[in-house]
Amino acid sequence: MTETLVERADLTRLVGESDLSIEIFDIPNHRLIHGRSFPIGIKPKGDLIGADLDTVLEYISSLAEKDVFNNILTQHGSILFRGFPIQEPEDLSKFTQAFKLPQIHQEVGLSGKRTTYAGGNVKTANEEPPDVKFYYHNEYGRSAHFPGVLFFFSQVVPESGGQTPLLSTIELYDRLREETPEFVDTLIDKGIIGRQYYPAKEDPESQTIGWNWQDSYGFTINPEDSLEEKRRKVEEVLKTRLQAEAEWQPNDALHVIQRLPAFRRIASTDQIVPFNGLGGVYGRQRDRQALKPPHRGIDGGIHLPTTYGDGSKIPQEYLEKLLSISDDIGFLVPWEEGDVAIVDNYTVQHARSPWVGKRSLLVSLWDGHERFLSV
Ligand SMILES: [Fe+2]
């Protein structure tokens, strides 16, 4: 049997023959990882073709209750939904809720520019200019607090470019294991320390950088709080929500120090995967020419390096290797208007490719059912 036939049989088994109002479609150039398509496409079938949003939501909910999508996500990492009646942020908001995931993910430590729509669970992906490339990362992989499932909604497709790059960290693990086993072993052995720079809100550079420690971590700060009180509250959030530490700088900026494993084991499958923001941090740092202290980039931002967990430098050749393997195994989502991709943040990294023209890509972050164990 071809892989598509196997996948159709799997779907029929999960949904039940009589309830089958969706079907698998083949996404050109998809990757095949341990015999599974990555990503897998789903479109409406029979009565569901051309159905209104409420009908679609009711059907999706009924499958979500049977754990259909959790199963497919675990097997395939990402699902591209095409041909469903989703046009506005509110439609996406309702669509995401139909999957009955545990809860909307609350972001702690936002360091990007986002606008929120539709009651809080739909946001712009990132508002940096279209020529800015983002390297592969797990969403909040630099943090101890991260979402399990991501929805990406292609509301407006640009003239050219802008396809969202995805890679499977199952494949990334295989390749790193094969090509740089000593790098993998060191990362597993030592873990990593991520460092992030947050300027003070009052410092004009917070405008250039786009975020500051008070807005990213000061959920309990009152305007009349003293600086000491504000710092204490931020330290409390870092400690209790992220198991991270604060290092206050002479210019009142904050370095957030996050000690984390670089690889983790997925509880449901026992699969070991890289889960971190290593490539994202390094790629951006390199492109902004911020590799050397004080790590001030040509964009005006501060790009602090991630080190091994003992504080030692990660050799640049390994980070370059990580980027080249990532590019090699990446898949570009061929967005059409109205497409929604669901991504398992535990086994998939995403990136951003530049584009020309108008583009609207919205996201919704959710906590999922998956759990990590230590390697
Ligand atoms: Fe991201």
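This passage describes the nonpolar cores, one helix pair and several individual residues of a predicted model.

The largest nonpolar core of the model has 38 residues, and those that touch the most other members are Ile22, Phe69, Phe81 and Phe99. Helix H2, which spans residues 53-65, provides seven residues, the largest share of this core. The surroundings of Phe69 can be listed in detail: when its neighbours within four places in sequence are left aside, Phe69 is in contact with Ile22, Ile42, Ile60, Leu63, Ala64, Ile79, Phe81 and Phe99. A second core, separate from the one just described, has 26 residues, among them Leu150, Phe152, Val348 and Leu361.

Two packed helices are described by the angle between their axes and by the distance between those axes. For helix H1 (residues 3-15) and helix H3 (residues 68-76), the packing angle is about 150° and the axes are 10 Å apart. Because angles over 145 degrees count as roughly antiparallel, H1 is described as roughly antiparallel to H3. The crossing of these two helices, H1 and H3, is right-handed. On the H1 side the residues that meet H3 are Glu7, Leu11, Leu14 and Val15, and their counterparts in H3 are Val68, Asn71, Ile72 and His76. Sorted by character, the residues of the contact of H1 with H3 comprise five nonpolar, two polar and one charged.

Two residues with positive phi values, neither of them glycine, are found in loops of the model. Asn29, in the loop between strand E1 (22-25) and strand E2 (31-33), has phi near 65°. With a relative accessibility of 70%, Asn29 counts as exposed, because the cut-off for that class is over 50%. Asp67, for its part, is placed in the loop between H2 and H3, and its phi is near 70°. The relative accessibility of Asp67 is 39%, so that this residue counts as partly exposed.

Cis peptide bonds occur from Phe38 to Pro39, where omega is near -10°, and from Pro293 to Pro294, where omega is near 5°. Pro39 is found in the loop between strand E3 (36-38) and strand E4 (40-44), while Pro294 lies in the loop between helix H10 (278-287) and strand E18 (307-308).

Arg264 belongs to strand E16 (residues 263-266). Its relative accessible area is 9%, and Arg264 is therefore classed as buried, a term that applies under 20%. When residues up to four places away in sequence are not counted, Arg264 touches Ser143, Phe146, Gln271, Ile272, Val273, Phe275, Phe372, Leu373 and Val375. Between Arg264 and Ser216, which are 48 residues apart along the chain, the separation of the C-alpha atoms is 26 Å.

Lys133 is situated in the loop between strand E8 (122-124) and strand E9 (134-137), and at 34% relative accessibility this lysine counts as partly exposed. Along the chain, Lys133 and Trp355 are 222 residues apart, and their C-alpha atoms are separated by 9.4 Å. With residues up to four places away in sequence again not counted, Lys133 touches Asp327, Arg352 and Pro354.

Key: Residues are numbered from 1 along each chain as its sequence is written. This is a predicted model: local features need pLDDT of at least 70, side-chain atom pairs count only at pLDDT 80 or more; totals for chains, interfaces and linings use all residues. Side-chain values use heavy atoms; hydrogens and water are left out. A nonpolar core is a set of buried Ala, Val, Leu, Ile, Met, Phe, Trp, Tyr and Cys residues joined through side-chain atoms within 4.5 Å. Buried means under 20% relative accessible area, exposed over 50%, partly exposed in between (1.4 Å probe, protein chains only). Helices (H or I, at least four residues) and strands (E, at least two) are DSSP runs, numbered from the N terminus. Contact means heavy atoms within 4.5 Å. Axes are lines fitted to C-alpha atoms, for helices over the stretch in contact, and angles run from 0 to 180 degrees between N-to-C directions. Angles under 35 degrees count as roughly parallel, over 145 as roughly antiparallel, 65 to 115 as roughly perpendicular and the rest as oblique. A crossing is left-handed if the near helix is turned anticlockwise from the far one by less than a right angle, and right-handed if clockwise. Ala, Val, Leu, Ile, Met, Phe, Trp, Tyr, Cys and Pro count as nonpolar, Asp, Glu, Lys and Arg as charged, and the others, Gly among them, as polar.
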